[in-house]
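Please look over the structure shown here. A short report on its fold, sheets, helices and ligand surroundings is wanted.

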Amino acid sequence: MNIKINHLSYTYPSNQPFKEDALSDINASIKSNDFVAIIGQTGSGKSTLIQNLNGLLIPTTGQVEIEDYIIKKKVKLKNIKQLRKKIGIVFQFPEYQLFEENVEKDILFGPKNFGFNEKQLAGLAKKVLEEVGLDETFLKKSPFELSGGEKRRVAIAGILAFDPEVLIVDEPTAGLDPQTANKIMELFYNLYKKQHKTIILVTHQMEDVLKYANHVMALKNGKLEAYTTPFRLFNDEKLMSHLQIEMPLILKIAKETKKKYPDLDLSKVKDIDSFVMQLKDVI
Ligand SMILES: Nc1ncnc2c1ncn2[C@@H]1O[C@H](COP(=O)(O)OP(=O)(O)OP(=O)(O)O)[C@@H](O)[C@H]1O
Ligand SMILES: [Mg+2]
C-alpha cells in the first residue's frame, strides 16, 4: 500500500484567534514494504502526522491518498473500517487504546470488529502476547492493573492481532527496559523483512533509525525538513545541527575509526555488530 501525502496541513481546532499549524504543507510518499522513521523534537508534529494517515484526523488542507482512499476535508471517507484494518496504529499513550475488562478481550477487540471468525480467533490473543514477550497469565488481567511497559506491549499485541498491512508505531519502546525494547524492535523488523509489511516508526532513538529504517522523515515545527536515508541524514552535519539531533554513538566511533582506516565503509555500519564486521575487513 503506497501512501501519498499531498500539501497536508493540519491545525488543531481551538478558540484562539491565531492558531499555529501543527503541520504545514507536508509532501511525501511512502512506498509499500518500506521502513520509514519519523523523527523530530517534541512538539514537531510526528503524532499529528501519523493520525492523518488513517483518517483519525482529517487534514485541514491538502490530502492523503492510500490506494483508492482519499482522506480530505469535505469528502466522505468510504469503507473507513477497511482502511483501519489495513493501517494499524499503536499510539504514543497506550492507555488510550486499552478499555476492555481484560487483556484477552482487549486484544481480540480489533480482530472481532474486523470480522475474524471463531477459528481465526482461537489462540490468537495468546500468540500475539507471546510475540511481545508476555505469557498467557496476562490474558485475564485487567489492562488497568498493568505497568506502563506491559500496557504498551498489550497495545502492540492488539494491533498485531488483526495483521495490518501497514504498522504505524508511535514511540513503541518508550519506557521499556532495553532488552524488551530490542525484542519489540526486532519484532517490527521481522514483520518488515519476512512478511513484507510497511513499518512507520516514530522515534527519538537515533540508534533504531540507523539500524532499522530505510528512510527517515525529519520534522521541525510542523514542517518536513528532510526525507532521506538515515546514512545521508547522519552524514549531513548542517542538517543535523538544524534539526538538533545527535548522531548515534556507534556512527561517531566508526567515523573516528575511518580516519585511521579509510577503507571502512560507513554506509554498512548499522550497529555494533556490523561495525565490528567492517573493522575486521579493514584491519
Ligand atoms: N489535541 C491537541 N490540541 C491542540 N494542540 C495539539 C494537540 N495535540 C498536539 N497539539 C499541538 O500540535 C503540535 C504537534 O504535536 P504532536 O503531538 O504532533 O508532536 P510530536 O512531534 O508527536 O511530539 P512528542 O515527541 O512530544 O510526542 C504541538 O505544538 C502540540 O502542542
Ligand atoms: Mg508524539
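The report below goes from the whole chain to single residues.

## Overall fold

This is a predicted model. The protein chain holds 12 helices and 10 strands. Its radius of gyration is 20 Å, close to the 19 Å that the globule rule gives for 283 residues, so the chain is as compact as a globular protein of that length. Along the principal axes, the C-alpha atoms fill a box of roughly 60 × 50 × 35 Å.

Buried residues account for 39% of the 283 residues. Contacts between residues at least 6 apart in sequence were also examined: 61% of them join residues at least 24 apart.

## The six-stranded sheet

One open sheet has six strands in the order E6-E7-E8-E3-E9-E10, and its pairing is mixed. Strand E6 (87–90) and strand E10 (223–228) form the edges. Each has a single partner strand, so one side of each is left without a neighbour in the sheet. From one strand to the next, the twist averages 15°.

At the E6 edge, four bridges link E6 to strand E7 (residues 166–170). The two strands run parallel. Glycine 88 has leucine 167 in E7 as its bridge partner. Helix H7 (residues 178–193) lies across strand E3 (35–39), E7 and strand E8 (198–202). Against E8, H7 runs at about 150°.

## The four-stranded sheet

A further open sheet has four strands in the order E2-E1-E4-E5, with antiparallel pairing. E2 and strand E5 (69–71) stand at its edges. Each of these has a single partner strand, so one side of each lacks a neighbour in the sheet. Neighbouring strands here are turned by 15° against each other on average, direction ignored.

Strand E1 (residues 3–10) pairs with two strands, E2 and E4. Five bridges join E1 to strand E2 (residues 23–30), and the two run antiparallel. Along this pair, isoleucine 3 stands opposite isoleucine 30, and tyrosine 10 stands opposite leucine 23. Strand E4 (residues 61–66) is also antiparallel to E1, again over five bridges. There, lysine 4 faces glutamate 65 in E4.

## The start of the chain

Where does asparagine 2 lie? Asparagine 2 is in the segment before E1. With 13 other C-beta atoms within 10 Å, asparagine 2 is partly exposed. Leaving out residues up to four places away in sequence, asparagine 2 touches Ser29, Ile30, Lys31 and Ser32.

Asparagine 2 and glutamate 65 are 63 residues apart along the chain. Their C-alpha atoms are separated by 8.1 Å. Glutamate 65 is the residue that lysine 4 stands opposite in E4.

## Helix H3 and its packing

Which residues of helix H3 (residues 103–113) are buried? They are Val103, Asp106, Ile107, Leu108, Gly110 and Pro111. These buried residues pack against three helices: helix H4 (118–121), helix H5 (124–131) and helix H6 (148–160). Just after H3, glycine 115 takes a positive phi of about 85°.

## Positive phi outside glycine

Most residues other than glycine have a negative phi. Histidine 7 departs from this, with a positive phi of about 45°. Histidine 7 belongs to strand E1. With 12 other C-beta atoms within 10 Å, histidine 7 is exposed.

Glutamine 244 also has a positive phi, near 55°. Glutamine 244 sits in the loop between helix H10 (237–243) and helix H11 (249–260). Is glutamine 244 buried or exposed? Glutamine 244 is exposed, with 9 other C-beta atoms within 10 Å.

## Around the ligand

Ligand 1 is surrounded by Tyr12, Ala22, Gly40, Thr42, Gly43, Ser44, Gly45, Lys46, Ser47, Thr48 and Gln92. By class, this shell has two nonpolar, eight polar and one charged residues. Lys46 is the charged residue, because Lys counts as charged. Tyr12 and Ala22 are the nonpolar ones, because Tyr and Ala count as nonpolar.

Methods: Residues numbered from 1 in each chain as written. Chains lettered and ligands numbered in written order. Predicted model: local features only at pLDDT ≥ 70, side-chain atom pairs only at ≥ 80, totals over all residues. Near = placed C-beta within 6 Å. Pairing = 2+ DSSP bridges. Axes fitted to C-alpha atoms, helices over the stretch in contact; angles between N-to-C directions. Contact = placed C-beta atoms within 7 Å. Buried ≥ 20, exposed ≤ 12 C-beta atoms within 10 Å, placed from the backbone. Rg over C-alpha atoms; globule rule 2.2 N^0.38 Å.
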